[in-house]
Amino acid sequence: MSEHRGRDAGDDRAEAVGARMRRFRKERGMTLRGLSSRSGLSIGFLSQVERGISSIGLTALNGVAAALDRSVADFFDGDPPSGDDDKVTRLPFHFTLTRRAEAATEYVSGQQTYRMLSSRGPHLVLEPLLVRIAPGGRREDAYGHAGEEFAFVLEGELLYEVEGVEHRLFAGDSVHLRSTVPHSMYNDTDHVTTVVSVVTPRLY
């Protein structure tokens with residue numbers, strides 16, 4: 001396959017996220033080695049992300065954000081829709097209710113689009129997401145982080161690597177793991193893959 005291709009929106013988004021990562025890191029006077037140590041990601045990978053060469057998944061970005069004392073939202077344009085906090089405070093602490101008609105918060109990182117499937121709620125630790133993975137992206141390094149992770153393939157195919165072993169998932173297949181085990185997911189097909197993912201702890 002040729003390495004030459006036109007730029008797309010995913011390239012621009014990867015560059016924007018990488019530029020913010022570099023700016024936040026330098027604002028804290030932190031080296032790439034320091035960020036690597038704090039986030040658990042390799043220096044080489046972080047360097048590629050900062051230069052817009054590689055994209056970074058949301059869970060890995062969450063580790064970088066924590067290391068830089070930032071929120072994940074700081075790495076993206078715009079803010080999540082307002083009003084969620086008001087809705088949450090009117091509900092009992094033990095649940096939230098999200099209607100289909102409500103505007104969902106979405107974040108785009110590289111080839112992946114993440115749609116938040118529930119409102120924020122105090123004392124809730126699960127993060128349910130609808131993830132759409134475009135084809136033709138760059139493969140991420142396997143990465144471990146605190147918590148658990150579950151992925152259910154709704155449509156398409158997904159190559160899911162767990163501890164160095166690749167598993168091809170089809171529609172109806174799922175994987176559930178402790179997130180401390182190095183893992184990554186990749187769409188090596190020509191079509192968009194849609195996944196319901198639930199991770200802990202919450203990313204926002």
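# Strands, salt bridges and two buried residues

Let me start with a single pair of residues: Val 108 has Thr 113 in strand 2 as its bridge partner. What we have on the screen is a predicted model, so please take everything I say this morning as a description of that model.

The pair I just named belongs to strand 1, residues 106-109, and strand 2, which run antiparallel to each other and are joined by four bridges. Together these two strands make a hairpin in which two residues lie between them, and in that turn Gly 110 has a positive phi of about 60°. On its way through the sheet, strand 2 is also joined to strand 3, again in the antiparallel sense, this time by five bridges, and within that pairing Met 116 has Leu 129 of strand 3 as its bridge partner.

Which residues of strand 2 are on its covered face, and which on the uncovered one? In a regular strand, side chains alternate between the two faces of the sheet. In strand 2, residues 112-116, the covered face holds Gln 112, Tyr 114 and Met 116, while Thr 113 and Arg 115 make up the uncovered face.

Two of those covered residues come up again when we look at Gly 57, which sits in the loop between helix 3 (43-50) and helix 4 (58-67). Setting aside residues up to four places away in sequence, Gly 57 touches Ser 109, Gln 112, Tyr 114 and Glu 140. Is Gly 57 buried or exposed? Its relative accessible area is 4%, and because the cut-off for buried is under 20%, Gly 57 counts as buried. I would add that the C-alpha atoms of Gly 57 and Tyr 143 are separated by 9.6 Å, although the two residues are 86 places apart along the chain.

Let me move now to another sheet, an open one of three strands in the order 6-5-8, with antiparallel pairing. Its edge strands are strand 6, residues 165-169, and strand 8, residues 183-186, each of which pairs on one side only, and from one strand to the next the twist averages 20°. Strand 5, residues 158-162, pairs with strand 8 in the antiparallel sense over four bridges, and Leu 159 stands opposite Tyr 186 of strand 8.

Strand 8 also contains His 183, which is buried, with a relative accessibility of 6%. A polar atom of the His 183 side chain lies 2.7 Å from the backbone oxygen of Val 181. Leaving aside neighbours within four places in sequence, His 183 has a list of contacts that includes Asp 141, Tyr 143, His 145, Glu 149, Tyr 160 and Leu 177. Tyr 143, you will remember, is the residue I mentioned together with Gly 57.

That brings me to the charged pairs. Side chains of opposite charge can pair when their charged atoms come close. How many salt bridges does the structure hold? There are nine of them, and I will go through some that involve strand 6.

One of them joins Arg 139 to Glu 166, with the closest N and O atoms 2.6 Å apart. Arg 139 lies in the loop between strand 3 (127-133) and strand 4 (148-155), whereas Glu 166 is in strand 6, so this pair ties together parts that are 27 residues apart in sequence. Both partners are partly exposed, Arg 139 at a relative accessible area of 34% and Glu 166 at 44%.

Further along strand 6, Arg 168 takes part in a salt bridge with Glu 157, at 3.2 Å from N to O. Glu 157 lies in the loop between strand 4 and strand 5 and Arg 168 in strand 6, so here the parts tied together are eleven residues apart in sequence. Glu 157 is partly exposed at 27% relative accessibility, and Arg 168 is partly exposed at 35%.

Arg 168 also forms a salt bridge with Asp 188, where the closest N and O atoms are 2.8 Å apart. This pair links distant parts of the chain, 20 residues apart, since Asp 188 is in the loop between strand 8 and strand 9 (193-199). Asp 188, too, is partly exposed, with a relative accessible area of 35%.

Finally, turning to another part of the chain, Arg 23, Glu 27, Arg 70 and Asp 74 are linked in a network of salt bridges. I will stop there and take your comments.

Technical notes. Residues numbered from 1 in each chain as written. Predicted model: local features only at pLDDT ≥ 70, side-chain atom pairs only at ≥ 80, totals over all residues. Heavy atoms only, no water. Buried < 20%, exposed > 50% of the residue type's maximum accessible area, 1.4 Å probe, protein only. Contact = heavy atoms within 4.5 Å. Pairing = 2+ DSSP bridges. Axes fitted to C-alpha atoms, helices over the stretch in contact; angles between N-to-C directions. Salt bridge = Lys/Arg side-chain N within 4 Å of Asp/Glu carboxyl O. Polar contact = N/O pair within 3.5 Å; in protein donor to acceptor, adjacent residues only side chain to side chain.
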